[in-house]
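Q: I'm new to this one, so please keep it casual. Take me through the surroundings of the ligand in detail, and point out any unusual backbone spots along the way.

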Amino acid sequence: MKKDLGVMPAVFPMPVLLIAAYDEEGTINVMNAAWGMPNANNKIALFIDKHHKTTRNILAVKAFTVALADEGHMAEADYYGMVSGDKVPDKFERSGLHSEESRFVHAPVIREFPVSIECELAEVIDTANMFAVVGKIVNASADEELIGEDGKVDASRIHALIFDQFHFDYYRVGERVGKAFSEGKSFLS
Ligand SMILES: Cc1cc2nc3c(=O)[nH]c(=O)nc-3n(C[C@H](O)[C@H](O)[C@H](O)COP(=O)(O)O)c2cc1C
């Protein structure tokens, strides 16, 4: 028997994404976002509050990066979600992490996070039920040591964080248990 939870976004796991953008003066700001997802092979949608400093930066500068948080940088990732760049303009500097400008867009790539997606602002969706920033992915990069012999990112080496919105906890990604588009083959006639 199921127990009702009421109105809540009962989806697990959620990613831990770090959205980074420059302001018009070139100062970096970063925020933590769980509500974000690729919506095409070359697009990513971020469901971020339109009033956040990061959002305003993205709208002004029209570029941003999205990084995957790993266990080794959990404190920094969490901090980016705890304070606003409006109150702490040197939020990124205070975190002690480092960045370099993307070679593809005018947006900062944070060196310490294992995987980054570099985006041009493609569209802003602002309706009664949704505010979303959609990025056109112009490049993705990953730390060399994460690349396996097949030339692809070995997800098990990322030690990616997962966000649990039931308890507001972070988890580490667990072990690989199967192969997509393959485990279901037993049901094919
Ligand atoms: C785990 C976690 C997940 C979050 N997910 C989102 C999100 O999906 N969308 C959003 O607008 N804010 C989200 N936030 C809140 C922002 O990161 C937070 O308000 C941040 O201070 C905004 O920073 P800024 O004003 O410097 O841009 C999240 C915070 C945490 C800690």
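A: Let's begin with a backbone spot: H159 sits in the loop between β10 (131-142) and β11 (161-164). Its phi is near 55°, which is a positive value in a residue other than glycine. Keep in mind that you're looking at a predicted model. Another spot to find is the peptide bond between F12 and P13, which is cis, with omega at about 0°. To place it on the chain, look for P13 in the segment before β1 (14-15).

Now for the ligand itself. The space it takes up is the second largest pocket, and 21 residues surround it. If you want to pick out the closest ones, click on N29, N32, T54, S84 and G85.

Where do those neighbours come from? Three elements each give at least two residues to the shell: β3 (28-33), α1 (53-61) and α2 (74-82). Of the shell's sources, β3 has the largest share, with four residues. Sorted by class, the shell is a mix of ten nonpolar residues, seven polar ones and four charged ones.

Zoom in a bit further and you can trace some polar contacts to the backbone. At N32, a polar backbone atom is 2.7 Å from an oxygen atom of the ligand. V83 has a backbone N or O atom 2.9 Å from a ligand oxygen. With A34, the partner on the ligand is a nitrogen atom, and a backbone N or O atom of A34 lies 3.0 Å from it. As for cover, the ligand has 650 Å² of accessible area on its own, and the protein covers 84% of that.

While you have α1 in view, look for a charged pair too. Side chains of opposite charge can pair up when their charged atoms come close. The model has six salt bridges, and one of them joins R56 to D86, with the closest N and O atoms 2.8 Å apart. R56 belongs to helix α1, while D86 is in the loop between α2 and α3 (91-95), so this pair ties together parts that are 30 residues apart in sequence.

How values were computed: Residues are numbered from 1 along each chain as its sequence is written. This is a predicted model: local features need pLDDT of at least 70, side-chain atom pairs count only at pLDDT 80 or more; totals for chains, interfaces and linings use all residues. Side-chain values use heavy atoms; hydrogens and water are left out. A residue is near a molecule or strand if one of its heavy atoms lies within 4 Å of it. A polar contact is a pair of N or O atoms within 3.5 Å; within protein, one must be able to donate a hydrogen and the other to accept it, and residues adjacent in sequence count only if both atoms are side-chain atoms. Accessible areas come from the Shrake-Rupley method with a 1.4 Å probe; for residues, only the protein chains shown count as cover. On a 1 Å grid over the protein atoms alone, a cavity is a set of points where a 1.4 Å probe fits but cannot get out, and a pocket is an open set with protein on both sides within 12 Å along at least five of seven lines; lining residues have an atom within 4 Å of a point. A molecule sits in a cavity or pocket if more than half of its atoms lie within 2 Å of its grid points. Ala, Val, Leu, Ile, Met, Phe, Trp, Tyr, Cys and Pro count as nonpolar, Asp, Glu, Lys and Arg as charged, and the others, Gly among them, as polar. A salt bridge is a side-chain nitrogen of Lys or Arg within 4 Å of a carboxyl oxygen of Asp or Glu.
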